[in-house]
Amino acid sequence: MAGLNILSQTPSPWQLSASSTSSSLSYSLRFPHFYDFNNIYNCGDFKCWKIGSTNSPLSGNPRAKRPTLSSQMLPHLSNSSGSGYSWMQDKSASCDNFSPNGRKQGPLNAVSSKEIAQVSSVDDLYEFICSGPLISKIGLTAEKVAESIDKWIEYGLRLCRLFQLNQLALNEAQKIRIYHYYIPVFLWCEQEISQHSSKFKEEEEIPPLVIGFSAPQGCGKTTLVFALEYLFKITGRRAATISIDDFYLTAEEQAKLRDSNPGNLLLEFRGNAGSHDLPLSVETLTALSKLTKEGVKMKLPRYDKSAYSGRGDRADPSEWPEVEGPLPVILFEGWMLGFKPLPPEVVKAVDPQLETVNKNLETYYDAWHKFVKSWIVIKIQDPSYVYQWRLQAEIAMRADGKAGMTDEEVKDFVSRYLPAYKAYLPTLYSEGPSGSDPEHVLLIDIDEGRNPILGC
């Protein structure tokens, strides 16, 4: 089933204009506000960035034979003269203060290539999009990408503004993150919402679709969900974001769990199965599923990881963010979301301390997984990536003058999660999340740089 037609729901910011440059006609995409760049030229009352047409391939990306972009495919962007394109970035609706459901997100930082990969033409951007590893996974073809290229450009521009990036000078890692990762996942989510909505009659209330994100710590899932919620926002739809972290036990309850499992390092601190308030989970997810009408509101629980010197505690309800219906989608993320209990002998072979955790996991289907109808599973090749990612984060915090864990503390912290990763990830990747429908699972392989890659 086709995805939702977003551009028909909200006015498009793109405005087409023509100006004469030399003997050819040049089209430009205009906005009321813009950034100033080098190499600008005057096209009437706006300054536009001129991007010449080129057929040269992008470095490192093989050019498969694909349909040529035509004026029929690109009603807003192409012209018969082939003289090139212009576009600009929009600052008319600042997103500096965008804080989804009480969470804030900093700029998107590149973690690998420093090479500048200029978007030199719409043709090149089209080729780059089509080379992404998720295109076929989400049911897109080169023809479909061509037909919706204006949407891709608009979403890319918006995400660049969100993460304070220069769209015209993205490095390779940033381009991959936006055009190979965030936008394809958003389009897949739209398809899932459309299919979910089609199951209900016109007069029926449609409950929000719960999309689960199962991904290891540090892999970028929170940033992905942040980007998705923003894209829903700018396309006129509300989304609620929750994390399994929001359902951790209170500090007092966590202390009782620790005392009742003496010597079990996996339950000494928050994290593993058994350290969550499952009744609160059920209460929250059930209430969210009823947010189908305008004006109906509720507060989302939040957890304060900084409380009690980092031991953490549930945030005061006065600090919980409020969400209002109607909600078409709930984005539910967590490092162990979708884990299935395994035979006792299997988990004991990994770590004897996992036996209690595994027993606790048996109650998680009814508390979490039965609410999730669509799944995004982010797959890593090696659980040791988690240690490297956490170490990078702590080093960055210390460099910024903030309190961060030492290398030894990072090692100790991650060691409490690695047994669960080693035990449960193979089944998650081979069989899918607990209770999932394979037709509604998107498996995304990522590399050590947190970028999507072609799976094995």
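Modeller: Contact here means heavy atoms within 4.5 Å. The model is predicted.

Colleague: Which residues does Ile376 touch, leaving aside those up to four places away in sequence?

Modeller: By that criterion, Ile376 touches Val185, Trp188, Cys189, Ile211, Gly212, Phe213, Ser214, Leu442 and Ile444.

Colleague: What makes Ile376 notable within the largest nonpolar core?

Modeller: That core holds 112 residues, and Ile376 is among those that touch the most other members, together with Trp152, Val185, Leu288, Phe332, Phe339 and Trp368. Helix H4 supplies the largest share of the core, twelve residues.

Colleague: Why is H3 called roughly perpendicular to H4?

Modeller: The axes of H3 (residues 149–162) and H4 (residues 172–197) cross at roughly 115 degrees and come within 11 Å. Angles of 65 to 115 degrees count as roughly perpendicular, and therefore H3 is described as roughly perpendicular to H4. The crossing is right-handed.

Colleague: Which residues make the contact between H3 and H4?

Modeller: H3 contributes Lys151, Trp152, Tyr155, Gly156, Leu159 and Cys160, while H4 contributes Ile178, Tyr179, Tyr182, Ile183, Pro184, Phe186, Leu187 and Glu190.

Colleague: How do you know which class Gly156 and the charged residues of this contact belong to?

Modeller: Lys and Glu count as charged and Gly as polar; the contact accordingly has eleven nonpolar, one polar and two charged residues.

Colleague: What share of the protein's residues counts as buried?

Modeller: Buried means under 20% relative accessible area, and 53% of the 456 residues count as buried. The secondary structure comprises 13 helices and 15 strands. Among contacts between residues at least 6 apart in sequence, 78% join residues at least 24 apart.

Terms used. Residues numbered from 1 in each chain as written. Predicted model: local features only at pLDDT ≥ 70, side-chain atom pairs only at ≥ 80, totals over all residues. Heavy atoms only, no water. Axes fitted to C-alpha atoms, helices over the stretch in contact; angles between N-to-C directions. Helix = DSSP H or I, 4+ residues; strand = E, 2+ residues; numbered from the N terminus. Parallel < 35°, antiparallel > 145°, perpendicular 65-115°, else oblique. Left-handed = near helix turned anticlockwise from the far one by under 90°. Core = buried A, V, L, I, M, F, W, Y, C linked by side-chain atoms within 4.5 Å. Buried < 20%, exposed > 50% of the residue type's maximum accessible area, 1.4 Å probe, protein only.
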